[in-house]
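Work through the following exercises with the sequence and the structure side by side, and try each task before reading its solution.

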Amino acid sequence: MSEQLALLPGYLTAHLQLTLLALLFSTAISLPLGVAVTRVRWLEAPALGIAGVIQTIPSLALLAVMVPLLAYFNLQSIGFLPAIVGLTLYGVLPILRNTVTGIAGVDPALKEAARGVGMTSGQQFSRVELPLAMPVIVAGLRTATVWVVGIATLSTPVGATSLGNYIFSGLQTRNYTAVLVGCVAAAGLALVLDHLVRAVEDGVRTRRRARVAVALGVLAALFTYTMATLAAPLWGDRDRPIRIGSKTFTEQYILSAMLGRWIQDETGDSSTLTQSLGSLVAFDALVAGDIDVYVDYSGTLWANEMGRDTLSVDRADLLREVEAFLCDTHGITLAAALGFENAYALAMRRTHAEALGVRRISDLTRHARTLPMGSDYEFFARPEWDALRTAYGLEFAELRSMDSALMYEAVARGNVDVISAFSTDGRIAAFDLRALDDDRNAIPPYDAVILVSRRLVAERPEVLDALARLAGTIDAETMRQMNLAVDEQGQAPSAVAAAFVETLRAKMKNGG
Amino acid sequence: MIELRGLTKRYGTVAAVEDVSLTVSDGELLVLVGESGCGKTTTLKMINRLIEPTSGAVWLDKTDVGAIRPSDLRRRIGYVFQKVGLFPHMTVAENVAVTPALLGWDATRIATRVEALLELVELDPAEMRDRHPAELSGGQQQRVGVARALAAEPRVMLLDEPFGALDPLTRERLQESFVGIRRRLGLTALFVTHDMVEALMLGDRIAVMSQGRVIQIGSPRDLVQRPADEYVQQLMHTPRRQTEVVDRLLDPGIAP
C-alpha cells in the first residue's frame, strides 16, 4: 500500500495536467462554437453531428486512433499530445450541447424584453441570454469534467502517465491494491473538480462572493501548479532522464525497471518509465524518439515490422536479419539479446492434455473444433496466429480475447481449454499447464532484445555500452522465476528487478 | 407626438397591418382595440422597431424612427409587455435599473430613481428592492414592469395588454394606479387591449382595428354614439350588454 501511495503525487499531477488542460481546450472550443451555432442556424446540425459522432467512438479507441493520426502529421504521437487531443475532443460534446441547449432555451419573451428595454444584440447576449443559460452550460462543463477525469485513465496505453498507470499495471501484475488506489484516486479527483465547478456556479448565481473566490482560488492554484509542473521539463531538456518504455505485461514491467536500475548503477544516468504501451505503439514510440529504450522480441519484429511469414527460421539467423533491418530502416540499435526467448506457446491444463493425448500442436488439430480458445487482445490479430492456423489447420470452437493477466486463470478453471501463453510465464508451471510443442515450427523464435533509439546512441554512447553488457544475462528459467515472483507471490516488479541487478553485479564481480 | 404614416406589414402575401395612419398628440393616450390577430400588437411593435415595417413610416417628434439606431430608440420609449418579461436572474431593483444602466447613468442617480419609481407604482422599496421576480405576485410583477418601462424618463409609452393576464381586482387596482401615474407624468401613450371597459376607461381616444386596418378613430363618446359600422357598434356595446346580462341575473323581476 505505502509503495503505491508513494507513486500518487506523480500520477495525480500527471492526471491533473491531462484533465485540466483538456477541459480548458474543450471549453475554449465549445463555448464560442456553441454561441456561434445559436447565431448561425445552419451550423447547428454539422457541429452537433460531428461532436456526437466523436462521442460514439469508444474512448479507448479515440485515444488510440490519435497515435497513427498524429504520427501521420509528424507530431508527437506517443505520450502527452495524443492523450490531450483525444480528451479535448471528448470534452467538447457535453459543453457544446449544453451551450446550445441553454441559449436556445431562453424564453423568447425575455429576449424580446431585452430588445424592448434597449439592449443591443451584444448586451442582450451578455446580460440576458448568457446568464440565463449559465446553469445549463455549467451542467455541461460538470459532465465533461467527470467524463474527462475518468477517461484520462485510458491515457496510459498511449504513453501519457495518469492514474491509469495504477489500473493498467495493477491489473497486469494482479496487484489489486494498485487498481483500487487508482480507481479511488480518480473518483476522488472527479468529485473534487465537480464540486469546485459547481461551487463557482452556485456562488455566482446566489451572489456569494466569498464562495466564488474560494472555489476559483482553488481551481486557479491547481491550474497554476499543473502548468508549472508541465512547463518545468522544457527548461532542463539537456539533462532529461532516459525514457524507458514497456509493454503491457509483467515481464515488461520487470525488464523496464531492471534497465532503469542497471543504467543508473552503471552510468549514473537517471531514467523514467513509460509503461503499459501497446506492443506496436512501443516500437513506433522508439522510432519517433518518444522513448529511448525498451525490450522487444525478435519474432514480433520479424512478423510485424518486417512482414515476414517464413516458417522454420534459425534463431540466430533471424536475430541477425532483424538487427540489420532495424539499423538500416529505422536507425535503431539492437544493444543486446538478453538470452531468453519468450515465445507464444499454446497451453492447456496438463490433466486435460493428457486425457486427450495431446503433446504437440499437431495433436490438437483434430480436437480443436470442440475446444474454446482464449487469448490476449493482440494475438488473434497477429501474423503468428495466421501462421499457426495455416500450419496446423486449427479451427477452434470459439475464440475469446481477454486481458493477458486473466487467461491463465481462465484456462486453469476450464472457462477455455487452450490459451496462447507466453513461454516465460511462471504461471504455466504454477497453474499446472502444459505448453504444447510447435512441431512444425510455425512460430518464429522470440529472443528478448534491448532496442535503443538513434538519439540515445548518439548522445550517450556509454549507456549503449552498459546495455550491451546485459547480453545473455537472463535465461528462460530466471525470467520465469521473476515473473512468478510478481504474478503469484505479489512482489513489486521494481523490487524483483532490483534484486536481479544486485545478484548480477555480484556475479560479474566474482567472474572478473 | 407619434405619427404613423401608411404603416404596412406583410408576411409573404398576408397583410398583418395595412396602411395604418394615425397621430397621438403629446400627453394623449390612444387605445388600440380589436379582435385577436387584427394587427394591433404588430402596429405597436413597429413604433419602437421590434418589428420593421414593410412600408410606411413612424415619426416621433419630427424624426423618422427608421433613422434612429433601434437600441437608442427603445431606450427613449417605455415598453410594457403582455408577458411582463422581467429578467429572472436580476433583482427587482436591477430590473427597474436596466435601461438607465444601459444609458450609463451613475449609481447614485440610478438608486434614487429606482426608489422613486417603486414608490410611484406603490411598492415598498425597502421590502421589494432585493427580491427576485419569482418571489412576487402577478400584480407586483407587472407593477415592476411598469416601473422598468418608466425608468429612463421616457416621454412616450407603449403598453401591450399590460393588465390582460391579471385577476379582475388586481387589474382594477393597476388600472387606477396607471391613470394616476400617467396624469402626473403627462405621458404620451399607445395602449393595446381587447378589454372594452379598459379601453373606455383609460383612452382619450380609441382606434378600432380589424383585419389589419383602422376602421374608426375617435373619443369614447364618438365611437359609442356614432359608430362607423356594425362591428364598431357591437364592440362599443359589449360593456353595456354584459351589465344587462348581470342585472337580469340578479333581478328576476325583469324577465325577458
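**Exercise 1.** In this predicted model, compare the span of helix α6 (residues 121-151) of chain A with that of a straight helix of 31 residues, and then find where α6(A) bends.

*Solution.* Begin with the expected value: at 1.5 Å a residue, a straight helix of 31 residues would span 45 Å. Next, take the end C-alpha atoms of α6 in chain A, between which the helix spans only 39 Å. Finally, follow the helix to A:M134, where α6(A) bends by about 50 degrees, and note that a proline, A:P135, follows within four residues.

**Exercise 2.** Describe the side of chain A that touches chain B, by element and by residue class.

*Solution.* Start with the contacts, in which 14 residues of chain A meet 15 residues of chain B. Then assign them to elements: α5 (108-116) and α6 of chain A each supply at least two residues of this side, and α5(A) gives the largest share, 6 residues. Last, sort the residues of this side of chain A by class, which yields 8 nonpolar, 4 polar and 2 charged.

**Exercise 3.** Trace the order of the open sheet of 6 strands in chain B, and place helix α7 (residues 138-150) of chain B against it.

*Solution.* Read the strands across as β6-β7-β8-β3-β9-β10, with mixed pairing; the edge strands, β6 (77-80) and β10 (213-218) of chain B, each pair on one side only. From one strand to the next, the twist averages 15 degrees. Within the sheet, β3 (residues 29-33) and β8 (residues 188-192) of chain B pair in the parallel sense over 4 bridges, and B:L29 stands opposite B:A189 in β8(B). To finish, locate α7 of chain B, which lies across β6 and β7 (156-160) of chain B and runs at about 165 degrees to β6(B).

Methods: Residues are numbered from 1 along each chain as its sequence is written. Chains are lettered from A and ligands numbered from 1 in the order in which they are written. This is a predicted model: local features need pLDDT of at least 70, side-chain atom pairs count only at pLDDT 80 or more; totals for chains, interfaces and linings use all residues. The expected span of a helix is 1.5 Å times one less than its number of residues. The bend at a residue is the angle between axes fitted to the seven residues ending there and the seven starting there. Two residues are in contact if their C-beta atoms, placed from the backbone, lie within 7 Å. Ala, Val, Leu, Ile, Met, Phe, Trp, Tyr, Cys and Pro count as nonpolar, Asp, Glu, Lys and Arg as charged, and the others, Gly among them, as polar. Two strands pair if DSSP finds at least two bridges between them. Axes are lines fitted to C-alpha atoms, for helices over the stretch in contact, and angles run from 0 to 180 degrees between N-to-C directions.
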